[in-house]
Amino acid sequence: MSQQKTAEFDDLLKEDRSFPPPAEFARTAHVHDPAVYAQADRDPEAFWAAFAAELDWSRPWTRVLDWQPPHAQWFVGGQLNASVNCVDRHARGARRNKAAIIWEGEPGDTRTLTYFDLYREVSQFANVLKSLGVRKGDRVALYLPLIPELAIAMLACARIGAVHNVIFGGFSAESLRDRINDAQATLLVTADGGYRRGQIVPLKQVADEALQETPSIRHVVIVQRGDRSIPVHVMEGRDHWYHRLMQEASAKCDPEPMDAEDLLYILYTSGTTGKPKGIMHTTGGYLTGTYATTKLVFDLKDEDVYWCTADIGWVTGHSYVVYGPLANGATVLMYEGAPDWPDKDRFWALVEKYGVTIFYTAPTAIRAFMRWGTEWTARHDLSTLRLIGSVGEPINPEAWVWYYRVIGGERCPVVDTWWQTETGAIMITPLPGITTLRPGSASRPFPGITAEIRNERGETLEGAGGGLLVLTRPWPAMLRGIYGDPDRYVRQYWNRWGTDVYVTGDGAKRDADGNFWLLGRVDDVLNVAGHRIGTMEVESALVDHPSVAEAAVVGRAHEIKGQAIAAFVTLKEGQQPSKACADELKAHVAHKIGAIARPEDILFAADLPKTRSGKIMRRLLRDIAEGKALGDTTTLADPSVVARLKSQYEGQEG
Ligand code: WT7
């Protein structure tokens, strides 16, 4: 734990407000007895199995858990299909005509799909995939805006046992290409474009660039989302329009019975190396974990209108826009665009228009709303809300209290949920009917989850204290591996203190009441506006530029984004630092990776501070980027490098 992190935490601990669950909420909550923790702790397998049993299985499991650390199999021998659980079982019963998806496009166009509509469209698209030669186990890449077809395509893959690989629509052609190639996807579903702040992002054009170097792709399906204003190249024989194929497809498609441990999807996320990891999630455990957490954490009821604002390109969208809520038969609101388009009250207009009851968003958005001020929130009736949530990064107490007061009207519990792409489902969270909330704390592990805090020597801290957050028992929604790289799975997560201890990469403290306070990553992974980015990825993008000799990237504190990217760059002989050069480097990174990775600051340096063994000292660079007093620099090969950099940064900024 760095000194800086400890200091931040000491500030947090001065935060002594607490909010017990509102009596009215507690009275009707799914969980109203704190005994759930002890119960789950005594027999976690029975706890999870009870949730699994609420799903539809075509063949029962014979064993709940087979744990050969670090490899887990859940619900061994059981068979089920995720699309049946998210769609058919509701479409067959009382929810047949219930809205499954209420969607609004950024320009204001709308669509509502009932569970029966969804059943028909998923089955049809499943048949389309089959007709294009997709078979069980094949990988299908999805590069789409936030439109219903994205959820439909995911569920259609699940229906026939194909493995989906969703790539966020903000990623560049290169990022798309690399993910398609790593997964060896045979089919790509994309769109002509998607709306973002009034502009159309030309997804098919970006995809065309990627498709030049993706030999595994045999077919491309294009959804027509735009207004036909952008040209779309359709390659004869390879590219097909979604709506044409759907016209001819039958709405009857028998679901493929999937083994509980069959792969459901791969989702790429950043790690500490330059190469993103394909996180693998399987069918039975993942569905059980997302089903159970959606039900309990959001206290989901049949009457709710549930809105998670995340893009489906991230794990939050997979687990809490698609699989968790649909497995529960919920009504899910999806909105395609930006929160400030056409105005800064768009989210609140949507809450009012659709009577949203559960709202789940990221701290970076909450901080932006706070900055924009209450003139935007005051324009709308937010009284339908009964629970609000936060995810993706630590939420500072100030933003928490603003969220609670202004959005929640001091009546809605706030669930600050900690988890990761790898955990598949929420791990540390309040349970809204029983938890006394502390602003800034994610409270405690979900029932059945065991989290510990360890020091650098691997010793478990009892009671209050801070260190590295680990998970010490397997859980159903845990990742099953990294696609194509089984060794990296072990090395990355289970190699530090024995193969049964999952190392999260986050620092945390626990207070005397047992509340966990998450402090952010302790590795070389950044969290910029809730988006996970590896420092190495940005560094590789920078050194790929012909003028750059060396680059070091750090995250510095940022008021809205949580962290912003600061890059220290040494140029090659003969290259001159300039504002134009800095702008070009920023654009280069955005082009290589995607706009989310665009550095906020570029600092040109004659030298980078290195230890005597040649390691770049990122900690020092972060202190410089944050304008902090510098700590101990005695292990540096040349301490004057740092002093020079510091005075330079203070003069240069930006
Ligand atoms: C990292 C995982 C969880 C889905 C979205 C991000 C940080 C996430 C919280 C929270 C503090 C949080 C952690 C974690 N994080 N939620 N409530 N409080 N930090 O998934 O992209 O895999 O990123 O996000 O640092 O390791 P991800």
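A nitrogen atom of the ligand sits 3.3 Å from a polar backbone atom of E393, a polar contact in the sense of a pair of N or O atoms within 3.5 Å. This is a predicted model, where local features need pLDDT of at least 70 and side-chain atom pairs count only at pLDDT 80 or more, while totals for chains, interfaces and linings use all residues. Residues are numbered from 1 along each chain as its sequence is written, and side-chain values use heavy atoms, with hydrogens and water left out.

Here are polar contacts of the ligand with side chains:

| Residue | Ligand atom | Distance |
|---|---|---|
| D416 | nitrogen | 2.8 Å |
| R532 | oxygen | 2.7 Å |

On its own the ligand exposes 550 Å², of which the protein buries 96% (Shrake-Rupley method, 1.4 Å probe). Its surroundings comprise 17 residues, with D416, T417, T421, D506 and R532 coming nearest; here a residue is near if one of its heavy atoms lies within 4 Å. By class, the shell has 6 nonpolar, 6 polar and 5 charged residues, with Asp, Glu, Lys and Arg counted as charged, Ala, Val, Leu, Ile, Met, Phe, Trp, Tyr, Cys and Pro as nonpolar, and the others, Gly among them, as polar.

Helix 12 (315-327), strand 20 (414-417) and strand 27 (516-521) each give the shell at least two residues; helices (H or I, at least four residues) and strands (E, at least two) are DSSP runs, numbered from the N terminus. Strand 20 is also an edge strand, as is strand 5 (110-114), of an open sheet of 7 strands ordered 5-4-17-16-18-19-20 with mixed pairing. Pairing takes at least two DSSP bridges between two strands.

Note on methods
A polar contact is a pair of N or O atoms within 3.5 Å; within protein, one must be able to donate a hydrogen and the other to accept it, and residues adjacent in sequence count only if both atoms are side-chain atoms.
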